[in-house]
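Q: Could you walk me through reading aromatic contacts in a model like the one below?

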Amino acid sequence: MKRLLLASTSTVYGGTYLSYLQEELTDFFAGIDEILFIPYARPSGITHDEYTAIAQQGFEKIQKRVVGLHTFADPKAALAQAKAIFTGGGNTFLLVTRLYELGLMSILREVVAGGTPYMGTSAGSNIAGQTMQTTNDMPIIYPPSFQTLGAVPFNINPHYLDPDPHSKHKGETRETRIKEFHKFNDIPVIGLREGSWLRITDDQIELKGNLTARVFLKEQPPYETTDLSPVYP
């Protein structure tokens, strides 16, 4: 049974790390006491230990223990034996590079497909898609491949922003960037706004939070929806 929780962000305005997701986390990780944390995205360049400590703070209120994958001598075995997995946000290029360098991308793909509960925020949600090519992050390092977990049949654009009609900035919008992606690729893209997340169980997908998602399909006008089942066949 595939079980995924894919959030646009870890922290919403006015909240603390994962605070807006506490009720969802309690349900998603019910019966699980330890979560394996993948800290490789390293937001702002923080250390793996520092990032793991932040993740632990997010799970303290629901009495879950968080263990960093970087602390294991054999990370492949740690992934294979994990009760549940959480990948935090940060830089997707760095995250994907590190997963490939350590030979972890394929085994992570296997355990997620095999039913190990997987949660991602931001970059961690990006890698659940077919590729990482709709990330917003700067290419600070060159990964061996843009291919990621393929746990869902689409790509995600976390932190999706709508154009601000009052802004004096006339540069490219997020929608423009995704349309550029579709000039060379036909993978559907879900624009996931802040405070939104996807809950997936096998063939069921649910958009949660209070906002719609924006769906982008190649050579079709983008549209707003709360029903993502057409892109999750």
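**Reading the aromatic rings**

A: Happily, starting with Phe29, which is buried, at a relative accessible area of 0% (buried means under 20%, exposed over 50%, partly exposed in between, with a 1.4 Å probe and protein chains only). This is a predicted model, where local features need pLDDT of at least 70, side-chain atom pairs count only at pLDDT 80 or more, and totals for chains, interfaces and linings use all residues. Residues are numbered from 1 along each chain as its sequence is written, and side-chain values use heavy atoms, leaving out hydrogens and water.

Q: How many aromatic pairs does a search of the whole structure find?

A: A pair of aromatic rings is described by the distance of the centres and the angle of the planes. Rings of Phe, Tyr and Trp (its six-membered ring) pair if their centres lie within 6.5 Å; planes under 30 degrees apart are stacked, over 60 edge-to-face, the rest tilted. Here the search finds seven pairs. Phe29 and Phe59 are edge-to-face, because their planes stand at 75 degrees, with centres 5.6 Å apart. Phe59 is also buried, at 0%.

Q: Which pair is tilted?

A: Tyr160 and Phe216 form a tilted pair, 5.8 Å centre to centre with 55 degrees between the planes. Both Tyr160 and Phe216 are buried.

Q: Which residues form one aromatic cluster?

A: Phe28, Phe29, Phe37, Tyr51, Phe59 and Phe86.

Q: Where does the charged end of Arg98 sit?

A: A charge sits over a ring if NZ of Lys or CZ of Arg is within 6 Å of the ring centre and within 35 degrees of the ring normal. Arg98 sits over the ring of Tyr40, 5.9 Å from its centre. Arg3 lies over the face of Phe28, 4.9 Å from the ring centre.
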